Amino acid sequence: MAGTAPPRDRLKVTVTRRLPQPVESRLAELFDVSLREVDVRMSRDELVQALKDSDVLVPTVTDQIDARLLGQAGERLKLIANYGAGVDHIDVESARQRGIQVTNTPGVVTEDTADMAIALMLAVTRRIPEGLAEMQTGRWEGWAPTAHLGGRIGGKRLGILGMGRIGQAVARRANVFGMQVHYHNRRRLRPEVEAELRATYWESLDQMLARVDILSINAPHTPSTFHLLNARRLKLMKPSAVIVNTSRGEVIDENALTRMLRAGELAGAGLDVFEHGHDINPRLREAPNVVMLPHMGSATTEGRIEMGEKVIINIKTFADGHRPPDLVLPSML
């Protein structure tokens, strides 16, 4: 369904977080834009006011746009142009029922996030943070044959949970490192894509988990993927296995993961996302076999500017009365 922009010369656009300067400048050129002065998330009350006063809201993953909040939106709000690919923080169905379209920015962060997944694999298996800490604290006393021993990733079985754009990008990188690629996905890839990626499909996630050495999680957070890796499934994995998550923290039962890592029932984890956002389990934070990053998977200047460009294209297309190219429908989730 094509959007109908309000009959104004310039759309009123509210942005909930600071964006890269080139993106903010371009938004200001094109629209009547309200930008944040400080880079902190909006309060609930501020979000309500933005929903009442704007034609277009540009939120990020830190903004929870639920049904109750949408119920307080003004009549003029017709588009939520999300700055990011994931939309699990937006009640898309409630927005649709209120005549509000939702767009996102797919494909932009694919390569950046895949790079980070490989970086986390190396960081955990080669114990890079431990070596870095030793150098920074001046505790290194020289090379020794048995010091800092990790494991190689070449020849290891990599299981990819979620074989969309990012999962496939991880697979291509894994092939370069000489890893054996296995995957589980809602739908099996076409034979020619499987052949290109040299990937083995597992219809059963349980069977794949029991056989892989490293698991890369690249699945979105949906009701069907919440705690997909629960305690039962985590216990299927080898004690020598490593888990890397650059997608959504809610896919893993974080308490179960923490218990197993601390008990030595898993060898390690590289985590860029967490089940409760920045409210991280202290026991997980203290685990020596965990590498943690502050949601840096998409944090490249190039990627963040491209995300902004997609947001602008979606808004401009909507303003012209056409269907935005990155329209999100409930059936897609």
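This is a short walk through one protein chain, from its annotated domains to a few single residues.

Keep in mind that the model is predicted.

Let's start with the records. UniProt, in an unreviewed entry, annotates residues 15–328 as "domain: D-isomer specific 2-hydroxyacid dehydrogenase catalytic". In the model, that stretch is 37% helix and 13% strand. Its end C-alpha atoms sit 19 Å apart.

There is a second annotation. The unreviewed UniProt entry gives residues 118–297 as "domain: D-isomer specific 2-hydroxyacid dehydrogenase NAD-binding". Here the model shows 33% helix and 16% strand. The end C-alpha atoms of this span are 11 Å apart.

Next, a sheet. Five strands make it up, and it is open. Reading across, the order is 2-1-3-4-5. The pairing is parallel. Which strands stand at the edges? Strand 2 and strand 5, the latter at residues 101–103. Each has a single partner strand, so one side of each has no neighbour in the sheet. From one strand to the next, the twist averages 20 degrees.

Look at one pair inside that order. Strand 3 covers residues 56–58, and strand 4 covers residues 79–81. The two run parallel and are joined by two bridges. On strand 4, L79 is the residue opposite V56.

Now the packing. As a general point, nonpolar side chains in soluble globular proteins tend to be buried together. In this model, the largest nonpolar core has 29 residues. Which of them have the most contacts inside it? L161, L215 and I243. Several elements supply at least two residues each: helix 9 (205–209), strand 9, helix 11 (254–263) and strand 11 (268–271). Helix 11 gives the most, with four residues.

Take I243 as an example. Setting aside residues up to four places away in sequence, I243 touches L215, I217, L234, M237, I252, L257, L266, G268, A269 and G270.

There is also a second core, separate from that one. This second core has 27 residues, including M116, A117, L158 and M163.

On to an arginine, R36. Where does R36 sit? In the loop between strand 2 (32–34) and helix 2 (44–53). Is R36 buried or exposed? Buried, because its relative accessibility is 13% and the cut-off for buried is under 20%. So what does the side chain reach? One target is the backbone oxygen of V40, at 3.2 Å. Another is the side chain of E46, in a polar contact at 3.5 Å. Beyond its neighbours within four places in sequence, R36 is in contact with V15, T16, R17, R18, R41, M42 and E46.

Last, two backbone points. R127 has a phi near 55 degrees, a positive value in a residue that is not glycine. R127 lies in the loop between helix 5 (110–125) and helix 6 (128–136). R127 counts as partly exposed, because its relative accessibility is 31%.

H227 also has a positive phi, about 55 degrees, and is not a glycine. Where is H227 found? In the loop between strand 9 (214–217) and helix 10 (231–234).

To close, three places to look at on the screen. Find the five-strand parallel sheet. Find I243 in the largest nonpolar core. Then find R36, with its side chain in a polar contact with the side chain of E46.

Definitions and conventions:
Residues are numbered from 1 along each chain as its sequence is written. This is a predicted model: local features need pLDDT of at least 70, side-chain atom pairs count only at pLDDT 80 or more; totals for chains, interfaces and linings use all residues. Side-chain values use heavy atoms; hydrogens and water are left out. Buried means under 20% relative accessible area, exposed over 50%, partly exposed in between (1.4 Å probe, protein chains only). UniProt positions are given in the numbering used here, feature names are shortened, and annotations may be inferred rather than shown by experiment. A nonpolar core is a set of buried Ala, Val, Leu, Ile, Met, Phe, Trp, Tyr and Cys residues joined through side-chain atoms within 4.5 Å. Contact means heavy atoms within 4.5 Å. A polar contact is a pair of N or O atoms within 3.5 Å; within protein, one must be able to donate a hydrogen and the other to accept it, and residues adjacent in sequence count only if both atoms are side-chain atoms. Two strands pair if DSSP finds at least two bridges between them. Axes are lines fitted to C-alpha atoms, for helices over the stretch in contact, and angles run from 0 to 180 degrees between N-to-C directions.
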